[in-house]
Amino acid sequence: MSERYSFSLTTFSPSGKLVQIEYAIAAVAAGAPSIGIKSKTGVVLAAEKKTKSLLYDDTTITKMEMITKHCGITYSGMGPDFRILVRKARKIAQQYYLQYDEEIPVSQLVQRIAYVMQEYTHSGGVRPFGVSLLVAGFDDEVPYLVQCDPSGAYFAWKATAMGKNHINGKTFLEKRYNADLELEDAVHTAILTLKEGFEGQMTEDNIEIGISTTAGFRKLTRSEIKDYLAALN
């Protein structure tokens, strides 16, 4: 019965589902893994960078972007959809800054991104975004880690995993996470979580790590990631 409704975005199936949204969530679950962990002093984002060929210039491929000075974002799912949402998020942040002369709070930024994603679930001639986002940032000395799904739903996490093997990743985080984690420990835990189900050897070339602290959001350099990997081996 549900096949009759699977090509319509704006029509509910008899069981009360919008099947295209479920397909978008399936696209996220098939994407490269992404991890987010909140510590006492910051938030860590970690993601696997997948390339389809050894001939790719991997310096041009990124899974993480800065939105404001204190806010960064990563994803699991479809990269082109991520680029569109990053552009929209930056535009939202700049409009807020021009109006109020201060950075947009993470909670408001997430709410407005989620509104855009939800709008694409009930409009004709479009499809849902095939990505879930992890947004890391700081508001008034308080760290935030928030996930946005293709349905437009958003929720805060202490730690979470998305993408391929996300169930194993969440199970691992449930065992390892505690509220007193320091930032360094959170980076180590994020790398260990990525290693769950990681295909091939993990190197500084095929993962990305970003941290958000009171000083701002930044991506770790390859040499820094190499040092973290060496410390764990």
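Select helix α5 together with strands β1 (34-38), β2 (43-48) and β9: the helix lies across these three strands, running at about 25° to β2. The model on screen is a predicted one.

Keep that region in view and show the whole sheet. This is an open sheet of five strands in the order β8-β1-β2-β9-β10, and the pairing is antiparallel. Its edge strands are β8 (159-162) and β10, each of which pairs on one side only. From one strand to the next, the twist averages 10°.

Next, pick β9 (residues 207-213) and β10. These strands run antiparallel and are joined by four bridges. To find one of the pairs, select Ile211, whose bridge partner in β10 is Arg218. Strands of a sheet pair through backbone hydrogen bonds, so switch on the backbone atoms here.

**Past the end of β10**

Move to Thr221, in the loop between β10 (216-219) and α6 (222-232). Is Thr221 buried, partly exposed or exposed? It counts as partly exposed, because its relative accessibility is 39% and the class runs between 20% and 50%. Show side chains and a polar contact of 3.1 Å appears between those of Thr221 and Ser223. For a distance across the fold, pick the C-alpha atoms of Thr221 and Asp58: they are 14 Å apart, with these positions 163 residues apart along the chain.

**The helix pair**

Go back to α5 (residues 183-195) and add α4 (residues 166-176). Two packed helices are described by the angle between their axes and the distance between the axes. For α4 and α5 the angle is about 145° and the axes are 9 Å apart. Their crossing is right-handed. Which residues of α4 meet α5? Select Gly169, Phe172, Leu173 and Arg176 in α4, then Thr189, Leu192 and Thr193 in α5, which they meet. By type, the residues of this contact are three nonpolar, three polar and one charged.

**The other sheet**

Now select β3, β4, β5, β6 and β7. In that order the five strands form an open sheet with antiparallel pairing. The edges are β3 (64-68) and β7 (154-156), each pairing on one side only. Here the twist averages 25° from one strand to the next.

Within this sheet, take β5 (residues 131-139) with β6 (residues 142-148): they pair in the antiparallel sense over seven bridges. Val135 stands opposite Val146 in β6. Two residues separate β5 from β6 in a hairpin, and Asp140 in the turn has a positive phi of about 50°. On the pairing with β4, there are six bridges, again in the antiparallel sense. Thr74 stands opposite Leu134 in β5.

Stay on β5 and show its side chains. In a regular strand the side chains alternate between the two faces of the sheet. In β5, Val131, Leu133, Val135, Gly137 and Asp139 point one way, while Ser132, Leu134, Ala136 and Phe138 point the other way. How many of the nine residues of β5 are buried? Nine of the nine are, and the strand is mostly covered.

Two helices are worth adding to the display. Helix α2 (residues 79-100) lies across β3, β4 (71-77) and β5, running at about 15° to β3. Helix α3 (residues 106-119) packs on the sheet and touches β3, β4, β5, β6 and β7. The direction of α3 makes about 160° with that of β5.

**Last stop: His70**

Select His70, in the loop between β3 and β4. With a relative accessible area of 17%, His70 is buried, because the limit for that class is under 20%. What does the side chain of His70 reach at 2.9 Å? It is the backbone oxygen of Thr214.

Finally, display the surroundings of His70, leaving aside its neighbours within four places in sequence. The residues in contact with His70 include Glu103, Ala136, Gly137 and Phe138. Ser212, Thr213, Thr214, Ala215, Gly216 and Phe217 are also among its contacts. Of these, Ala136, Gly137 and Phe138 were met earlier on β5.

Terms used. Residues are numbered from 1 along each chain as its sequence is written. This is a predicted model: local features need pLDDT of at least 70, side-chain atom pairs count only at pLDDT 80 or more; totals for chains, interfaces and linings use all residues. Side-chain values use heavy atoms; hydrogens and water are left out. Buried means under 20% relative accessible area, exposed over 50%, partly exposed in between (1.4 Å probe, protein chains only). A polar contact is a pair of N or O atoms within 3.5 Å; within protein, one must be able to donate a hydrogen and the other to accept it, and residues adjacent in sequence count only if both atoms are side-chain atoms. Axes are lines fitted to C-alpha atoms, for helices over the stretch in contact, and angles run from 0 to 180 degrees between N-to-C directions. A crossing is left-handed if the near helix is turned anticlockwise from the far one by less than a right angle, and right-handed if clockwise. Contact means heavy atoms within 4.5 Å. Ala, Val, Leu, Ile, Met, Phe, Trp, Tyr, Cys and Pro count as nonpolar, Asp, Glu, Lys and Arg as charged, and the others, Gly among them, as polar. Two strands pair if DSSP finds at least two bridges between them.
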